[in-house]
Amino acid sequence: MPKIKPLRNRKGFTLVELIVVIAIIAILAAILIPVVTNYVSDARQSSADANAQTVAVALQTTFADLISGLGAADATARAAMLTEATALDTAITGNWTNISALRTASPTFSNILGTGFTGIVDITATGSPSTGLDISEVRYSSESIPTDTATDTGLNFIGVYPR
């Protein structure tokens, strides 16, 4: 009778086992990648909306500060406040204004908004510099001027306040 050789200790996986594991990983990746991509897209849109709100609040605060300064006893201070409010009002009229232009027009706005905030805005407002502006809508983009009015133009997310 022939001797039966003892089984060798296996030191690895067979090709079939490796292919099965790779197939399972590929299926899981195919399921998870779209989910993760949606989370990233939603986060970018939320960030753009928050930036639009930040600009709107900064503008409202700036005009409130400037209008409160119009009651100052010093005529020179009142004139400076009105000049700055008028310059800011002029800068925000029109389509898609660079935030740096608003900073240049109003040091008060620049101080309220803070440093490091860039992008472009499209602002819809009513009122006058001497009575205050009512900001009805701010659209914000961190990148370039969009070619359409959609809120998502590819990678360029448009934040809208109020939404």
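One salt bridge is counted in this structure, and the side chains that meet in it are those of arginine 139 and aspartate 122, with 3.6 Å from N to O. This pair links distant parts of the chain, since arginine 139 lies in strand S3 and aspartate 122 lies in strand S2, 17 residues apart. The model is a predicted one, and the points below move from the chain as a whole to its strands, its side-chain pairs and one patch on its surface.

**The chain as a whole**

- The chain contains four helices and five strands, and when the elements are read from the N terminus on, they run in the order α-α-β-α-α-β-β-β-β.
- Of the 163 residues of the chain, 30% count as buried, a term that stands for a relative accessible area under 20%.
- The accessible surface of the chain comes to about 10500 Å², and carbon and sulfur atoms account for 63% of this area.
- When contacts between residues at least 6 apart in sequence are considered, 47% of them join residues that are at least 24 apart.

**How the strands pair**

- Strand S1, which covers residues 97-98, pairs with S2 in the antiparallel sense over two bridges, and here threonine 97 has valine 121 of S2 as its bridge partner.
- Strand S2, made of residues 120-128, also pairs with S3 in the antiparallel sense, this time over nine bridges, and the two strands form a hairpin that has three residues between them.
- Valine 121 therefore appears in two pairings, being the bridge partner of threonine 97 and also having tyrosine 140 in S3 as a bridge partner.
- Strand S3 is joined by four bridges to strand S5 (residues 156-161), and these two strands run antiparallel.
- Within that pairing, valine 138 has tyrosine 161 of S5 as its bridge partner, while tyrosine 140 stands opposite glycine 159 in S5.

**Which strands are enclosed**

- Strand S3 spans residues 132-141, and because seven of its ten residues are buried, it is largely enclosed by the rest of the structure.
- Strand S5 is likewise largely enclosed by the rest of the structure, because five of its six residues are buried.

**Side-chain pairs**

- Both partners of the salt bridge, arginine 139 and aspartate 122, are buried.
- A search of the whole structure finds one aromatic pair, formed by phenylalanine 117 and tyrosine 140, whose ring centres are 5.6 Å apart and whose planes stand at 50 degrees, so the pair is described as tilted.
- The aromatic pair links distant parts of the chain, with phenylalanine 117 in the loop between helix H4 (107-113) and S2 and tyrosine 140 in strand S3, 23 residues apart.
- Phenylalanine 117 and tyrosine 140 are both buried.

**A patch on the surface**

- Val16, Val20, Ile24, Ile27, Leu28, Ile31 and Leu32 together make a nonpolar surface patch of about 670 Å².
- One of these residues, isoleucine 31, is found in helix H1, which covers residues 15-69.
- Isoleucine 31 counts as exposed because its relative accessible area is 51%, and the word exposed is used for values over 50%.

Conventions:
Residues numbered from 1 in each chain as written. Predicted model: local features only at pLDDT ≥ 70, side-chain atom pairs only at ≥ 80, totals over all residues. Heavy atoms only, no water. Patch = residues over 30% accessible without salt bridge, like charges linked within 9 Å, V, L, I, M, F, W, Y side chains within 5 Å. Areas by Shrake-Rupley, 256 points an atom, 1.4 Å probe, with all protein chains shown as cover. Salt bridge = Lys/Arg side-chain N within 4 Å of Asp/Glu carboxyl O. Buried < 20%, exposed > 50% of the residue type's maximum accessible area, 1.4 Å probe, protein only. Pairing = 2+ DSSP bridges. Contact = heavy atoms within 4.5 Å. Phe/Tyr/Trp six-rings, centres within 6.5 Å; stacked < 30°, edge-to-face > 60°.
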